[in-house]
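Visitor: I should be grateful for a close look at a single part of this model. Please describe that part in detail and place it in its surroundings.

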Amino acid sequence: MLSCGSRGYNVGAMHLVITAWLFVIGTMALTSPTVLGGLAFFLAAGAAPVAFYAWVRLRRLPPGPRPSMRQQRVDRGDDPDAGGDQQ
């Protein structure tokens, strides 16, 4: 399985789906009677949905690795009842 950089997102299956989608749309565009019609079909039915998916997917990814819940609790600071030697 493929992962997306150091973030570890599994993207192997989606690459396969996108590649297959572009292959099918590309072969359908090749059967168009005109070059301009085939290019327009490929851009509208192939490249535009893939670009939209990539845009949505990239917006949902966090900017970097997030700290774990345990680390967030440690970094949050001492409890109010903590003594001076525990700070």
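Guide: The account below concerns helix H2 and its neighbour H1. The model is a predicted one. Its protein chain contains three helices and zero strands, and along the sequence these elements follow the pattern α-α-α. Of the 87 residues in the chain, 14% count as buried. Among contacts between residues at least 6 apart in sequence, 44% join residues at least 24 apart.

Helix H2 runs over residues 35-60, a total of 26 residues. From its first C-alpha to its last it reaches 36 Å, close to the 38 Å expected at 1.5 Å a residue. The helix nevertheless has a kink of about 35 degrees, centred on Leu43. At its N-terminal end, H2 is capped by Thr34, which has a side-chain oxygen 3.0 Å from the backbone nitrogen of Gly37.

Gly38, Ala45 and Gly46 are buried in H2. The cover over these buried residues includes helix H1, residues 12-30. Seen from the partner helix, the buried residues of H1 pack against H2.

H1 deserves a description of its own. Its end C-alpha atoms are 27 Å apart, in agreement with the 27 Å that its 19 residues should span at 1.5 Å a residue. Its buried residues are Ile18, Ile25, Gly26 and Ala29. Viewed down the axis of H1, these buried residues fall within an arc of 105 degrees, and therefore they line one face of the helix. On the other side of H1, the residues Ala13, Leu16, Thr19, Phe23 and Leu30 are exposed.

H2 also carries an aromatic pair, and the count of such pairs comes to one. The pair is formed by Phe52 and Trp55, whose ring centres are 6.0 Å apart; because their planes lie at 40 degrees, the pair is classed as tilted, given that tilted pairs fall between the stacked limit of under 30 degrees and the edge-to-face limit of over 60. Both residues belong to H2 and are three residues apart, about one turn of the helix. Phe52 has a relative accessible area of 53% and is therefore exposed, since the term applies over 50%. Trp55, at 47%, is partly exposed.

In summary, H2 is a helix of 26 residues with a kink centred on Leu43. Its buried residues are covered in part by H1, and Phe52 and Trp55 form a tilted aromatic pair.

Note on methods
Residues are numbered from 1 along each chain as its sequence is written. This is a predicted model: local features need pLDDT of at least 70, side-chain atom pairs count only at pLDDT 80 or more; totals for chains, interfaces and linings use all residues. Side-chain values use heavy atoms; hydrogens and water are left out. Helices (H or I, at least four residues) and strands (E, at least two) are DSSP runs, numbered from the N terminus. The expected span of a helix is 1.5 Å times one less than its number of residues. The bend at a residue is the angle between axes fitted to the seven residues ending there and the seven starting there. Buried means under 20% relative accessible area, exposed over 50%, partly exposed in between (1.4 Å probe, protein chains only). Contact means heavy atoms within 4.5 Å. A polar contact is a pair of N or O atoms within 3.5 Å; within protein, one must be able to donate a hydrogen and the other to accept it, and residues adjacent in sequence count only if both atoms are side-chain atoms. Rings of Phe, Tyr and Trp (its six-membered ring) pair if their centres lie within 6.5 Å; planes under 30 degrees apart count as stacked, over 60 as edge-to-face and the rest as tilted. The arc is that of the directions from the helix axis to the C-beta atoms.
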